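I opened this model to look up a few points of its architecture and to note them in order. The entries below follow the order in which I looked.

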Amino acid sequence: MMDNHEETTTSSIPMPAKVNPAAKKALLILSCILLSIGNCGGPLIMRLYFIHGGNRVWLSSFLETGGWPFILVVLIILYFHRRAAGKDGDNKHTTFIYMRPRLFFAVAFIGVLTGLDDYLYAYGVARLPISTSALILAPHLAFVAVFAYLLVKQKFTPYSINAVVLLTVGAAVLALHTSSDRPEGESKKEYAMGFVMTVAAALLYGFVLPLIELTYNKAKQEITYTLVVEIQIVICLFATLFCTVGMIANNDFEVIPREAASFELGRTKYYTILCLSALIWQCFFLGVIGVIFCASSLLSGIIIAALLPVTEILAVVFYKEKFQAEKGVALVLSLWGFASYFYGEYKLKKRSSYQKSSQEQMEMSQPNYP
């Protein structure tokens with residue numbers, strides 16, 4: 001794919017969605033909330049499964065996207081909203097599916113990459129404490145920043161650069177305590193493999209987020225929120241299919257009933273945890289695509305990195321993991337980086353609004369000659 005900044009044909013110009021600014025702001029806030037719930041709750045409930053006797057990595061990776069049918073509810077609500085508002089012209093012929101074949105195949109490829117990333121991440125959570133796996137994922141922001149620059153020519157400001165630096169430094173500070181938190185009964189080799197797999201997951205997802213944004217730009221059709229939801233369904237569907245193949249090869253479907261019977265918290269809570277895991281992870285993915293749609297892949301990376309200390313604190317509260325001084329320092333640095341990014345965005349929008357207002361005043365002040 002060529003960079004859209006280098007293409008000159010009108011057919012390659014991205015067609016942005018026509019969204020009311022107030023509605024877009026509300027959608028961004030809702031997406032941030034969903035992303036926060038999924039980003040913090042997903043790892044915690046996944047770890048709960050492994051702590052109390054679960055050991056199926058492919059099953060855990062399957063659950064990260066296996067809840068995609070929940071998103072169909074959102075798609076149906078959007079359909080009836082468009083039908084009631086008559087946004088497609090004729091209410092009797094309201095379009096239900098917007099995605100074109102070209103976009104479908106591109107998104108399906110992203111779905112396969114997401115499935116691989118799900119497995120890498122689940123493997124890391126199975127072997128590492130939440131506090132450790134979370135901090136290893138923090139450089140994900142730097143990966144997002146690099147790939148966003150290469151793929152979609154994301155513009156950096158001093159404030160966004162400052163945010164990336166602060167969040168990366170925070171992760172480095174957290175990394176100081178990783179040598180002393182190997183779980184009991186786990187070999188050094190298993191711990192090292194979990195570390196490597198988690199780094200690989202951070203790298204791959206740092207590539208996937210800008211790739212989604214690039215797909216929006218290359219879609220050659222108007223990107224509405226309905227289409228964004230369709231994209232997410234296809235991504236999750238193919239990621240789930242990828243993980244389903246792994247589950248079949250690993251005989252997970254045969255083992256699940258036996259694992260449920262021996263689960264420390266009981267059979268009912270075992271299946272409850274699986275269902276909640278699927279639902280919470282869908283909040284994460286729905287939040288991610290919403291943030292990319294309303295803002296950028298870089299902002300989604302900023303939010304994920306900024307929520308790292310929150311996940312750390314929740315791991316301390318629920319799983320009694322140690323909270324060293326390094327985590328406190330990382331919390332301050334992450335909040336600082338988060339604030340820096342949003343302050344930069346605020347100043348950029350304020351400057352853009354001022355320049356637009358000045359230009360309009362100049363045009364109005366110019367005399368109109370016959």
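**Overall burial and fold.** I began with the whole chain, keeping in mind that this is a predicted model. Of the 370 residues in the protein chain, 51% are buried. I then looked up the secondary structure, which comes to 14 helices and 0 strands, so that I read the pattern along the sequence as α-α-α-α-α-α-α-α-α-α-α-α-α-α. For contacts between residues at least 6 apart in sequence, I noted that 85% join residues at least 24 apart.

**The salt bridge.** I next looked up the salt bridges, and the count comes to 1. The partners are aspartate 252 and arginine 56, with their closest N and O atoms 2.8 Å apart. This pair links distant parts of the chain, since aspartate 252 lies in helix H10 and arginine 56 in the loop between helix H1 (21–51) and helix H2 (57–65), 196 residues apart. I also checked burial for the two partners, and both aspartate 252 and arginine 56 are buried.

**Just before H10.** Asparagine 251 caught my attention in the loop between helix H9 (225–249) and H10. Its phi is near 60 degrees, a positive value in a residue other than glycine. For context I wrote down that most residues other than glycine have a negative phi. Asparagine 251 has 41% relative accessibility and therefore counts as partly exposed.

**H10 against H11.** From there I followed the chain into helix H10 (residues 252–262) and helix H11 (residues 267–294), whose axes come within 7 Å and cross at roughly 125 degrees. That angle makes H10 oblique to H11, and the crossing of H10 and H11 is right-handed. On the H10 side the contact is made by Ile256, Pro257, Glu259, Ala260 and Ala261, and on the H11 side by Arg267, Tyr270 and Tyr271. Sorted by class, the contact of H10 with H11 has 6 nonpolar, no polar and 2 charged residues.

**H2 against H11.** I then asked which residues of H2 and H11 make the contact between them. The axes of H2 and H11 come within 6 Å and cross at roughly 50 degrees, and the two helices are therefore oblique to each other. From H2 the contact uses Leu59, Leu63, Glu64 and Thr65, while H11 supplies Tyr270, Leu274, Ser277, Ala278, Trp281, Gln282 and Phe285. By class I have 7 nonpolar, 3 polar and 1 charged residues for the contact of H2 with H11. Tyr270 is named in this contact and also in the contact of H10 with H11.

**Threonine 114.** Is threonine 114 buried or exposed? Threonine 114 has its place in helix H4 (residues 101–127), and at 1% relative accessibility it counts as buried. Leaving aside neighbours within four places in sequence, I found threonine 114 in contact with Thr65, Val208, Ile235, Ala239 and Phe285. Of these I looked further at isoleucine 235, which is 121 residues from threonine 114 in sequence and 7.3 Å away in space, C-alpha to C-alpha. Thr65 and Phe285, among the contacts of threonine 114, are also named in the contact of H2 with H11.

**H8 against H12.** For a further helix pair I took helix H8 (residues 188–218) and helix H12 (residues 297–306), which pack at an angle of about 150 degrees with their axes 9 Å apart. H8 and H12 are therefore roughly antiparallel to each other, and their crossing is right-handed. Here Leu209, Pro210 and Glu213 in H8 meet Ser297, Ser300 and Ile304 in H12. The class count for the contact of H8 with H12 is 3 nonpolar, 2 polar and 1 charged residues.

**Arginine 47 and H5.** My last entry starts from arginine 47 in helix H1, which counts as buried because its relative accessibility is 11%. Beyond neighbours within four places in sequence, arginine 47 is in contact with Val125, Ala126, Arg127, Leu128, Pro129, Ile130, Pro183 and Tyr319. Ile130 led me on to helix H5 (residues 130–137), where 7 of the 8 residues are buried, so H5 is largely enclosed by the rest of the structure. I listed the buried residues of H5 as Ile130, Ser131, Thr132, Ser133, Ala134, Leu135 and Ile136.

Note on methods
Residues are numbered from 1 along each chain as its sequence is written. This is a predicted model: local features need pLDDT of at least 70, side-chain atom pairs count only at pLDDT 80 or more; totals for chains, interfaces and linings use all residues. Side-chain values use heavy atoms; hydrogens and water are left out. Axes are lines fitted to C-alpha atoms, for helices over the stretch in contact, and angles run from 0 to 180 degrees between N-to-C directions. Helices (H or I, at least four residues) and strands (E, at least two) are DSSP runs, numbered from the N terminus. Angles under 35 degrees count as roughly parallel, over 145 as roughly antiparallel, 65 to 115 as roughly perpendicular and the rest as oblique. A crossing is left-handed if the near helix is turned anticlockwise from the far one by less than a right angle, and right-handed if clockwise. Contact means heavy atoms within 4.5 Å. Ala, Val, Leu, Ile, Met, Phe, Trp, Tyr, Cys and Pro count as nonpolar, Asp, Glu, Lys and Arg as charged, and the others, Gly among them, as polar. A salt bridge is a side-chain nitrogen of Lys or Arg within 4 Å of a carboxyl oxygen of Asp or Glu. Buried means under 20% relative accessible area, exposed over 50%, partly exposed in between (1.4 Å probe, protein chains only).
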